[in-house]
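User: Hi! I would like to learn how to read salt bridges and pockets in a protein model. Could you walk me through them?

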Amino acid sequence: MTHTLQPRSPRRPWLAWPLPIVLAACGGGGSSTLQDPVATARACTMEAFADVQMPNGSITSVTPVPEGTYNPPGTGQQLAGLPAFCRINAVATPTSQSLINFEVWIPEGEAWNGKLVATGNGGYSPALSYGDMAYAMRQGYAVLGGDTGHQTEDMLWGVTYPERIVDWGSRSIHAITVAGKALIAAKRAQPASRAYYLGCSTGGHQGFAEAQRYPDDFDGIIAGAPGNNRTALNIEFLWRFRSARVTNDNSTRILSNAKLQLLTQQAVAACDGLDGVTDGVIDDPRACTSAHFDIDALQCAGGDAPDCLTPEQIVSAKAIYQGPRNPRTHAQLYPGWPVGSESGWSGYMGSTEPVRADFWRYWVFGNPQWNWWSFDFDRDVSYAYAKIAPMVDQTSTDLSAFKASGGKLIVYHGWNDPVVSAYDSIQYYESVRTAQGSQSATDEFYRLFLVPGMGHCSGGTGAVELRGNGTSVPVTPQRDLLAALDRWVEQGQPPTDFVASRVAGGAVTRTRPLCAYPQRAVYSGSGDTTLAASYRCE
């Protein structure tokens, strides 16, 4: 006797298994049919899952993990405070070229809250986000994460294997989520009642892929600093490399780290107080116009010096602020950078070659000898969009299916992010709002939070902690994004009362309201400037 999991009903967000997993009822740790009221949970052993058949993949190991601190093999990480859980390692193969390794962690007994969180990845790395998995599991969730369909840090895995590029850029989260939901249901003899997604950077990109391409996978998505505009983002990295150097000189940077720090220091000095509070943070860099911060005023009177910029350095900085443009049409190819992000620019200026050069070298041009100085920001851009963008870009503004399924989307982005421009998240949000027809229609399912002082995904000078840790920051919907998303989905209450924290020395030193775009936090004019109660969203 076999049972095939049924396709999803639009009003039952947890029944989502487009890839059928067939479970035989006569073995393992209990009955396999999800509709059977006497079904029991399976043991956490490989033998208990012997009857589980994955047509597009397989289970490779099943291991019980005791309560306490878990050290994922080969990572050196120590994940404290976890409940006892069952760790299932598996592989998904949605195509003949695919090989997506993933892990599902399922809390044992009453430690499970009945829900699921899938986690994303960073950059082009196959590393699982174990920290995110532990963070969600501490709140009671079953969790899963995968390697995006490749197992090495280089980008050669995409050469001659276009489906692996699709797995990385668009499909892997869907594949492991479909399988992960079914494995959770098989283990616990009941499906997860809710499914959420959590990721930042490439993880944010993956969240956008889910909302746009697989709108029924998740009830809610948290996408931080999303690199969804991937082709354009890599165009910016190339532009930044070339803007920071003399033509054909790969080694000598025009703007040193010290000069980038100087730019940020001068910008903060000029614009910190524009919001009525002097706290070392530019709350809204758009207000920091040339009337307040004029880079030309930093030009050295004589030769180069630590407290000024040479004319060449000013030209270089202006090109990076501006962002890449088509030399023929003058069309903006990727947004420029907010004032205040300069001190982080060097991380993606490259060393002797542009960051993500292999994206162009191998994936776009298929030429190991490709020369980035010959890149044409008109002709070659068009070629890249035709060849690679359909596999990796997540820029559709049609989120109607995700909204219709009841999905909720929370996007956060640091104003000081030097890797993915906050302006890109703003432009995408505004395009979705136009497609939705009104602010109120967008507010029903989509909130964008711009975080003053935050860098790429986390860290920075402002109130940048958006997660509860159970000690200094409580795990409540008002202080923890995952809890806020769950409340929005379960109770229909959007995160309009969220408070971001700044933590130093294990204690909260500052709190601020996190206001949904286009609103921002405004000081009321009285009260302690370090307390959220002294601000309002407007």
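Analyst: Happy to; we will take salt bridges and then the largest pocket of this predicted model.

User: What is the general idea behind a salt bridge, and how many salt bridges does the count come to here?

Analyst: Side chains of opposite charge can pair when their charged atoms come close. In this model the count comes to 27 salt bridges. One of them joins Glu103 and Arg87, with the closest N and O atoms 3.0 Å apart. Glu103 sits in strand 8 and Arg87 in strand 7, 16 residues apart.

User: Is Glu103 buried or exposed?

Analyst: Buried means under 20% relative accessible area. Glu103 has 6%, so Glu103 is buried. Arg87, at 12%, is buried too.

User: Which residues form a network through shared partners?

Analyst: Lys115, Arg194, Asp219, Asp486 and Glu490 are joined that way. Within this group, Asp486 and Lys115 meet at 2.9 Å, N to O. This pair links helix 13 to strand 9, across 371 residues.

User: Now the pocket. Which residues are the closest to the centre of the largest pocket?

Analyst: The largest pocket has a volume of about 270 Å³. It is lined by 21 residues, and the closest to its centre are Asp132, Cys200, Tyr412, Cys457 and Arg467.

User: Which element gives the most to that lining?

Analyst: Strand 11 does, with 3 residues. Helix 1 and helix 13 also give two or more residues each. By class, the lining has 11 nonpolar, 7 polar and 3 charged residues.

Key: Residues are numbered from 1 along each chain as its sequence is written. This is a predicted model: local features need pLDDT of at least 70, side-chain atom pairs count only at pLDDT 80 or more; totals for chains, interfaces and linings use all residues. Side-chain values use heavy atoms; hydrogens and water are left out. On a 1 Å grid over the protein atoms alone, a cavity is a set of points where a 1.4 Å probe fits but cannot get out, and a pocket is an open set with protein on both sides within 12 Å along at least five of seven lines; lining residues have an atom within 4 Å of a point. Grid points are joined across faces, edges and corners, and a volume is the space filled by probe spheres set on the points. Helices (H or I, at least four residues) and strands (E, at least two) are DSSP runs, numbered from the N terminus. Ala, Val, Leu, Ile, Met, Phe, Trp, Tyr, Cys and Pro count as nonpolar, Asp, Glu, Lys and Arg as charged, and the others, Gly among them, as polar. A salt bridge is a side-chain nitrogen of Lys or Arg within 4 Å of a carboxyl oxygen of Asp or Glu. Buried means under 20% relative accessible area, exposed over 50%, partly exposed in between (1.4 Å probe, protein chains only).
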